[in-house]
Amino acid sequence: MSKSKMELNEAKLTRKTEIAPGVFVISYQRNFSFIPGQVVAIAVNLDEKPRMYSIASGNNESEISIIFNIKPGGELTPKLAGLMPGDSLFTTGPMGNFFGTNEPAFWIASGTGIAPFISMWRSGLKNGKTLIHGGRYLNSFYFEDEFINDLGDNYVRCCTQEMAENVYHGRLTHWLNEQKTLPANQKYYLCGSAEMVVEARDILIEKAIPFGNIVAEIYF
């Protein structure tokens, strides 16, 4: 990680939207290029430690967007939620190597772990994708409208606390475990909590998916 990439630069918030209770998307003007799947570090004040967030916007858009949920007692997310358009925040350039491609692949996300896949999707990396999205409630499937029409049955929503038509009732790892076969020649991209990533990785390995075909990004 280079010093220049970790340098914090001031940016002005352009938009803030609450897309579910306590879940926000904020945006600021983009002044760099990036590869879909990369992250930026963000802080509200220069004297605080920045936190990493996956970019949740396409690489042809004029703004950088991130998605986050307020963590009670958290040092940063309550401050981010309190910002208004025109307020300042501090951010780095893009980092990381959780890169998407246009080849067929499985995208597996829990909660706000959908962010890098939104970036990949909006950047045109749509060929042959299957998206498995886990959430506790029916309003946890952020950006679902962008996937439903194009992916059809290749968009699987897994909900643990509520039931609905065309939604799998249970954890996404349970859905994975129930699959008799999974294609071994595709990449499996995992993004979400450490618990989900580790459990899903172990299931995939048990189902004969090569370790080299499993790519993970953990949200803390």
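Is Phe 143 buried or exposed? In this predicted model, Phe 143 is buried, with a relative accessible area of 18%. The cut-off for a buried residue is under 20%. Phe 143 sits in the loop between β8 (129-135) and α4. Its backbone has a positive phi of about 70°, although Phe 143 is not a glycine. Most residues other than glycine have a negative phi.

Asn 166 also has a positive phi, of about 65°, and is not a glycine. Asn 166 belongs to the loop between β9 (155-159) and β10 (168-169). Here the side of the cut-off changes: Asn 166 is exposed, with a relative accessible area of 65%. A third loop residue, Leu 76, is found between β5 (63-69) and α2 (77-82). Leu 76 counts as buried, at 5% relative accessibility. In sequence, Leu 76 and Ala 43 are 33 residues apart. In space, the C-alpha atoms of Leu 76 and Ala 43 are 7.2 Å apart.

Helix α4 covers residues 144-151. Its buried residues are Glu 144, Phe 147 and Leu 151. Seen down the axis of α4, these residues fall within an arc of 70°, so they line one face of the helix. The other side of α4 carries exposed residues: Asp 145, Asn 149 and Asp 150.

Helix α6 (residues 194-206) has 13 residues. At 1.5 Å a residue, α6 should span 18 Å. The C-alpha atoms at its ends are 18 Å apart, which agrees with the expected span. Five names make up the buried set of α6: Met 196, Val 197, Ala 200, Ile 203 and Leu 204. They cover an arc of only 135° around the axis, which puts them on the same side of α6. Glu 195 and Glu 206 are exposed, on the face of α6 turned away from the buried side.

Aromatic rings were examined next. A pair of aromatic rings is described by the distance of the centres and the angle of the planes. The count comes to 9 aromatic pairs. One pair joins Trp 107 and Trp 121: the ring centres are 6.4 Å apart and the planes lie at 80°, so the pair is edge-to-face. The angle cut-off for edge-to-face is over 60 degrees. Trp 107 lies in strand β7 (residues 105-110) and Trp 121 in helix α3 (residues 115-122), so the pair ties together parts that are 14 residues apart in sequence. Both Trp 107 and Trp 121 are buried. They also belong to one aromatic cluster, together with Phe 98, Phe 117, Phe 147, Tyr 155 and Tyr 189. Phe 147 is thus named twice: in this cluster, and among the buried residues of α4.

The last feature is a pocket. The second largest pocket has a volume of about 150 Å³. Its lining includes Asn 9, Glu 10, Ala 11 and Lys 12. Tyr 28, Gln 29, Arg 30, Asn 31 and Phe 32 line the pocket too, as do Thr 91, Thr 92 and Gly 93. Strands β1 (9-20) and β2 (23-29) each supply at least two residues of this lining. The most comes from β1, with 4 residues. By residue class, the lining divides into 3 nonpolar, 6 polar and 3 charged.

Conventions
Residues numbered from 1 in each chain as written. Predicted model: local features only at pLDDT ≥ 70, side-chain atom pairs only at ≥ 80, totals over all residues. Heavy atoms only, no water. 1 Å grid on protein atoms, 1.4 Å probe; cavity = no way out; pocket = protein on both sides within 12 Å on 5 of 7 lines; lining within 4 Å. Points joined across faces, edges and corners; volume = space filled by probe spheres on them. Nonpolar A, V, L, I, M, F, W, Y, C, P; charged D, E, K, R; others polar. Phe/Tyr/Trp six-rings, centres within 6.5 Å; stacked < 30°, edge-to-face > 60°. Buried < 20%, exposed > 50% of the residue type's maximum accessible area, 1.4 Å probe, protein only. Expected span 1.5 Å × (residues − 1). Arc of directions from axis to C-beta.
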